[in-house]
Amino acid sequence: MFFRGKMKKIKLGIILLMMVFLTTSVQNMVFAWSAPGVSKAVCGYCEKENGHETWCPSYRAEQQSTKLKDHVPMPELVYIPPTCPLCGGTNGTHIDGGEYVNASGKCHIGAALEQIQYYREQYNRATTLEQEKQAVLDLEMWNFNITKYLQIAKEIQKKKEQQNQQATNQNVQQTNTQPLGRNAAVRNKMRRDMNTARQQQPQQQTQQAQEYTYKPAINLPLADNKTASSFVVDGVEYDKRITFHIDNAAVAYGKTDLNGTETWILKDSAGNTLLTAELGDVSTVEYNDQHYFLIKSQKYGYRFYDSYGKEMPVYSYKEPEPFYRKVPVDNVYEDRMFFIMYDEVLNGYYVYDPVTDKKVSDTYENIEKNALGISQKFPRFKVLKKGFYGIAEIGSYMLIIPAQYTFIKEYYTANEKFPYYIVSKVANKYGAYNYNGQLVIPLNFSLSEVEKKIASKKFK
């Protein structure tokens, strides 16, 4: 009896366990049936499930290797002597503020090496083949520039050696600077002649635009600025003198009156007085082979005189802002200094080219100083007109992109030299112009959609 009772208890336990198992299974089946399905993760930009499209901001290329078929090797740096032939710096250091420096006062070779370092870092950080190729192109360009600087340094050294052989009891400063002054005068004349030829043949220059080579500037400041000295001119004693180490250069004399104001006169090389009235300040502005007096009138604002004392036909009621850009001259891109000037009558800004003595843009409410992209002719700028942005190219009074937009952005593709311009008038409605100023994508898309269309060349 005891055994039979025990068996009944065992059977009862088994039955209870089976009931619990069946109940749990049914609950799990019901939960699984009613639970929502798990959606697949997709990118919010390119909507791709696995990985990203190459145009997507989240795209990251695989680790590059020299064994990869599409890898672009980094170009080697050209050989630079231990002693810099331009500034005399040694052991990789370069001396700023010397005789042969750029507009920022840096040795040309030292400044180029800084660019080399920057684009090497860009190369190492590249996440796409296109970025890597662009970094290589930039590195090759700066290698080319350094090679040119080294060649120019050899020419300068050769000229100095010839001058030293011919010099007899001459002042060292005159020996080094006067021939450079004559060269600067000749270059100025050649530049004007070439610019005239360029203006007479605009169509030919456009056809040859992509064949230009780049000639880097060698900035040779020629100003001779003396203060705290005594200069007696026409019976009047002055304590300041400004001129240039250029044959037949004009000379400005100044003095500080007891009330703190400055009085200046400007004379030509023959001693004839060119300007005396209301001169509040005289300084020099130089870049490459451009050398000018910048004269501030107490009444009429700022104006320029060239190094020989010839007045240039522009006034600016605010201090002119210089900027430096490459322009095509006789199949060579040359560095040139321009100025953003302010016209009080028209209440706006324009671009002035001192080489041609001409205003080379329309007048705008604002001109952004940074140039946009690579230009076949002259640099392009974002301008503001009647409260809206457009794109203007100096040298032309026409807007490449009409001033109708609240947003403008450049956009480059991997295989095209010139950019597109993405524009917008209202939020979330974007379109795009090509480089020639043609609207190729209407303003009906989001910014990412426009970028995708440009990258894929699917404009419709």
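F323 and F338 are both buried. Their ring centres are 5.6 Å apart and the planes meet at 15 degrees, so the two rings count as stacked. The model is a predicted one. The count of aromatic pairs comes to 15, the structure holds eleven salt bridges, and a search of the whole structure finds zero disulfides.

**Aromatic pairs around F323**

- The stacked pair links distant parts of the chain, with F323 in strand β10 and F338 in strand β11 (residues 332–343), 15 residues apart.
- F323 also pairs with F381: the ring centres are 5.4 Å apart and the planes are at 70 degrees, so this pair is edge-to-face.
- F381 lies in strand β15 (residues 380–385) and F323 in strand β10, so the pair ties together parts that are 58 residues apart in sequence.
- Like F323, F381 is buried.

**Other aromatic contacts**

- Y292, F304, F339 and Y352 form a cluster linked by ring pairs.
- K318 lies over the face of Y342, and the distance to the ring centre is 4.4 Å.
- The ring of Y350 has the charged end of K359 over it, 4.8 Å from the ring centre.

**Surface patch of tyrosines**

- A nonpolar patch on the surface is formed by Y300, Y315 and Y317, which together have about 280 Å² of accessible area.
- One of these residues, Y315, is placed in the loop between β9 (301–306) and β10 (321–329).
- Y315 has a relative accessibility of 33% and therefore counts as partly exposed.

**Salt bridges centred on D224**

- Side chains of opposite charge can pair when their charged atoms come close.
- D224 and K226 meet through their side chains in a salt bridge, with an N to O distance of 3.1 Å.
- K226 is partly exposed, at a relative accessible area of 31%, whereas D224 is buried, at 10%.
- A salt bridge also joins the side chains of D224 and R241, at 3.0 Å from N to O.
- This second pair links distant parts of the chain: D224 is in strand β2 (residues 223–233) and R241 is in strand β3 (residues 236–244), 17 residues apart.
- D224, K226 and R241 are thus linked in a network of salt bridges.

**Salt bridge between K457 and E416**

- The side chains of K457 and E416 form a salt bridge with an N to O distance of 3.3 Å.
- K457 lies in the segment after α6 (447–456) and E416 in the loop between β18 (407–411) and β19, so the pair ties together parts that are 41 residues apart in sequence.
- Both partners are partly exposed: K457 has a relative accessible area of 39%, and E416 has 29%.

**Cysteines without a disulfide**

- A disulfide is a covalent bond between the sulfur atoms of two cysteines.
- The cut-off for a disulfide is a pair of cysteine sulfur atoms within 2.5 Å.
- For C84, the closest cysteine sulfur is that of C87, and the distance of 3.6 Å is too far for a bond.
- C107 also has its closest cysteine sulfur in C87, and here too the distance is 3.6 Å, too far for a bond.
- C84 is buried, with a relative accessible area of 3%.
- C107 is buried as well, with a relative accessible area of 1%.
- The search accordingly ends with zero disulfides in the whole structure.

**I422 and L447**

- I422 is placed in strand β19 (residues 420–426).
- The relative accessibility of I422 is 0%, so I422 counts as buried.
- From C-alpha to C-alpha, I422 and L447 are 8.1 Å apart in space, with a separation of 25 residues in sequence.

Key
Residues numbered from 1 in each chain as written. Predicted model: local features only at pLDDT ≥ 70, side-chain atom pairs only at ≥ 80, totals over all residues. Heavy atoms only, no water. Buried < 20%, exposed > 50% of the residue type's maximum accessible area, 1.4 Å probe, protein only. Patch = residues over 30% accessible without salt bridge, like charges linked within 9 Å, V, L, I, M, F, W, Y side chains within 5 Å. Areas by Shrake-Rupley, 256 points an atom, 1.4 Å probe, with all protein chains shown as cover. Salt bridge = Lys/Arg side-chain N within 4 Å of Asp/Glu carboxyl O. Helix = DSSP H or I, 4+ residues; strand = E, 2+ residues; numbered from the N terminus. Phe/Tyr/Trp six-rings, centres within 6.5 Å; stacked < 30°, edge-to-face > 60°. Lys NZ or Arg CZ within 6 Å of the ring centre and 35° of its normal.
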